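Please set out how this structure is put together. Cover the overall build of one chain, the nonpolar cores and one helix.

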Amino acid sequence: MDNYAIEMLNITKKFPGIIANDNITLRLKKGEIHALLGENGAGKSTLMSILFGFYQPDGGEIKKDGKKVEINNPNDANALGIGMVHQHFKLVECFTVLDNIILGVETTKGGFLQKKEARQKVLELSKKYGLSVDPDAVIENITVGMQQRTEILKMLYRDNEILIFDEPTAVLTPQEIKELMAVMKSLAAEGKSILFITHKLAEIMEVADRCSVLRKGKYIGTVDVKDTSPEQLSAMMVGRDVSLAVEKKPAQPGDVVLDIKNMSVASKRSKKDAVKNVSLQVRRGEIVCIAGIDGNGQTEFIYGLSGLEPVKSGLIMMNGKDITHMPIRKRLVSGMSHIPEDRHKHGLVLDFSLEDNIVLQRYFEPEFTDKFGFLKRNAIREYANKLIKQYDIRSGQGPATKARDMSGGNQQKAIIAREIDKNPELLIAVQPTRGLDVGAIEYIHKQLVAQRDAGKGVLLVSFELDEVMNLADRILVMYEGEIVGEFSPDKVSVEELGLYMAGSKRMEVGAHE
Amino acid sequence: MLLLIQYTLIFASVLVLVALGGCFSEHSGVINIGLEGIMVIGALGGALMMKFLGGEAPAAVVILLVVLSSVLAGILCSLLLGVAAIHFKADQTLLGTALNLLGAAVAVVLVRAINLAEDLDNVSSTIKYGEAKKAFIIRIGDFEFNWFMLIAFVALILAYIVLYKTKFGMRLYACGEHPQAADSVGINVYKMRYAGVMISGALGGLGGLVYITAGVSEWKFENGVAGFGFLALAVMIFGQWKPVNIGLAALLFGFFRALSNVYTGFDFLLSLKLPSVIYNMLPYIISLMVLVFVSKKSRAPKAEGIPYDKGQR
């Protein structure tokens, strides 16, 4: 008989209007790495939240070592030896690494904190598993990789036996991912049982022993990884065959649409500039992609380019016109479209209706406003309905739906409809597929390629290397606010890109074309 | 000169107590701009107890009971904020404002009712407590030492130890910075926030008592506490939510407040021939200027003001 560390049997969890987990069974063997695969919204997070005690299931039971257990809160989970590295780290930014590790399980003597032994234990653990951290470093000053190691140490410090990794590779460079895989393997070899949540097939193939697949809240099946292929896993996850690669013809670059010369943008957080002396060009009919790890100045770069933040120095030319200090609306009417990184903050007014969001950049045009300054509601409704149909934006109440009540994918479609229908010269897209499922990603990629083929300049910022490799005609790597490399996607490997993204390699790049 | 030091210390004591109160509340994640209202209610609690005790009871008993009643009054008042902000997740800025209005109004209504019941011709909102107040003061030569100076100093040291050296402090801090993180390691965020708010009530109430006993022997509750709750907030921000800095900031602000009481004793200040209102305005003007320059760089607890919702992660 198999030895299971944790069994989740027939788990059902309902939320108003949706069954997030429908009779799901997941069995984790002792000492194995078990991958949990599924698209966004497949119910992975809900299932893990149940295991970690954030939610109570409406049906089903959880067994630890064959015995039935109740997990009512994270404390219970911890007592059972279950630990989790959350996708968004649960670290207090102004605390040190050590303080974060001991938080919640502090040792005290006479009411005072005792950190000496804790430090000893942390150092031992970090040596044993090759998790290098500086216990006295403050979280906000260390790299994402080290933050993740802190999270792993947090679990080990609590002597957890069952370790959940929730999308741990999303924030890492290819090199860091390799290190993490090695750590996970060594943990499993030590007898820890690991649940590895992901939607990246390559990682599953590399590190996992078995894989369970969820789709739309339902349990699809569990397979031995050595007997399966990425294609089979992908088909199980999506329910149909998807083309993971984007089909596109070779680019035919035309005139320069965007010409940035020596742009610098000040940082809000430190004295150093967030964007340093960046020069680049985007031509009609090409997709230029800025690759890099989150937080290397991409956000500030886009803020500077779109006018959300003033640039410190440099020149931005669009279609030969200097737009460096142009107000945002002027930039937008003169041919810039911007699909922002944070669709809730900069993309939509969440409490406005879908139709109002759709005309957000055009309401002042005579088409939508009469000569007395009143909005032409009928015209707006008509226009919104046209776009809703054309871009297949789905929502509960059509154009009157509040943006807040729409799904992420449809919110993004609304933004894309608005930005593309403006018929821009330059389309800026920042992380356009973040948090979307495979179907929506496919759609958005197609739209971007279509814009390129229609002769627009497309500037894409992405943290996903797959997306970069698939879409870009030209790749620029940004590291600590500088462009440190320029590549053609068919002449560079993911590993090579990773080295540039991590700052261990760089080349001299200028606007030399 | 001695008088200036004496007043500086006593007003600094008020500011230290109240600002520390704000500091605890905000480190737990709840913005407390209702400190002004809490001070008034705390002052009322203390004043009523002093009125009740009169001049007969031994000093130690008076100190204990009066402090206790203002602390309790303060806690009770802060719980209004606590329940609404933590349990019902209401907007903390609005709550604080409401608390300020409520505190002053409740105090006036109560005191008037009490005064009227005692004497039908007395419609004032003043409480006299000159006799009982003597218990707090020890004369050392010309210097009037006030026990509250010591209490404030002890509170400052305790606050430092609690916040930085104990388990409670570390957890409180975590709740104000990243409540989801605290929750995920099994800390009850709601409990910690209640604790933070109640400590701010206790210290705020006590601060109110100290303020009304500083220098006068009766208090007209229509005056509230003259914006000292807000001044304390300025001290807290200037002190960057850190006890030691708060202590220093309180001394600075206390000094300017004291100046308006005693500037007539300094010849060179008198020779400037500035109207007294200028001195009265000084602490408030300084606080305004300080905030303008400091607030841009200030680092408030990250999650303060955001009601914690378990479901949202």
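The report below takes chain B, then the cores, then a helix of chain A.

This is a predicted model. Chain B holds 13 helices and 4 strands. Its overall figures are tabulated here.

| Property of chain B | Value |
|---|---|
| Box of C-alpha atoms along the principal axes | roughly 60 × 50 × 30 Å |
| Radius of gyration | 20 Å |
| Buried share of the 313 residues | 49% |

The radius agrees with a compact globule, because 313 residues would then give a value near 20 Å. Contacts reach far along the sequence of chain B: among those between residues at least 6 apart, 81% join residues at least 24 apart.

Now the cores. The largest nonpolar core has 164 residues. The members that touch the most others are A:Leu51, B:Leu15, B:Val16, B:Ala19, B:Leu20 and B:Val235. Helix H1 of chain B (residues 2-28) gives this core its largest share, 14 residues. Leaving out residues up to four places away in sequence, B:Leu20 touches B:Ala155, B:Leu156, B:Ala159, B:Leu203, B:Pro243 and B:Ile246. Another core, of 73 residues, lies apart from the largest one. Its members include A:Cys289, A:Met318, A:Leu448 and A:Phe487.

A:Leu448 leads to helix H15 of chain A, where A:Leu448 is buried. H15(A) runs over residues 438-453 and spans 23 Å, close to the expected 22 Å. Its buried residues also include A:Ile441, A:Ile444, A:His445 and Arg452 of chain A. The buried residues pack against strands S15, S19 and S20 and helices H14 and H16 of chain A. Just after H15(A), A:Gly455 adopts a positive phi of about 90°.

Key: Residues are numbered from 1 along each chain as its sequence is written. Chains are lettered from A and ligands numbered from 1 in the order in which they are written. This is a predicted model: local features need pLDDT of at least 70, side-chain atom pairs count only at pLDDT 80 or more; totals for chains, interfaces and linings use all residues. Helices (H or I, at least four residues) and strands (E, at least two) are DSSP runs, numbered from the N terminus. The expected span of a helix is 1.5 Å times one less than its number of residues. A residue is buried if 20 or more other C-beta atoms lie within 10 Å of its own, exposed if 12 or fewer, and partly exposed in between; C-beta atoms are placed from the backbone. Two residues are in contact if their C-beta atoms, placed from the backbone, lie within 7 Å. A nonpolar core is a set of buried Ala, Val, Leu, Ile, Met, Phe, Trp, Tyr and Cys residues joined through C-beta atoms within 7 Å. The radius of gyration is taken over C-alpha atoms; the globule rule is 2.2 Å times the number of residues to the power 0.38.
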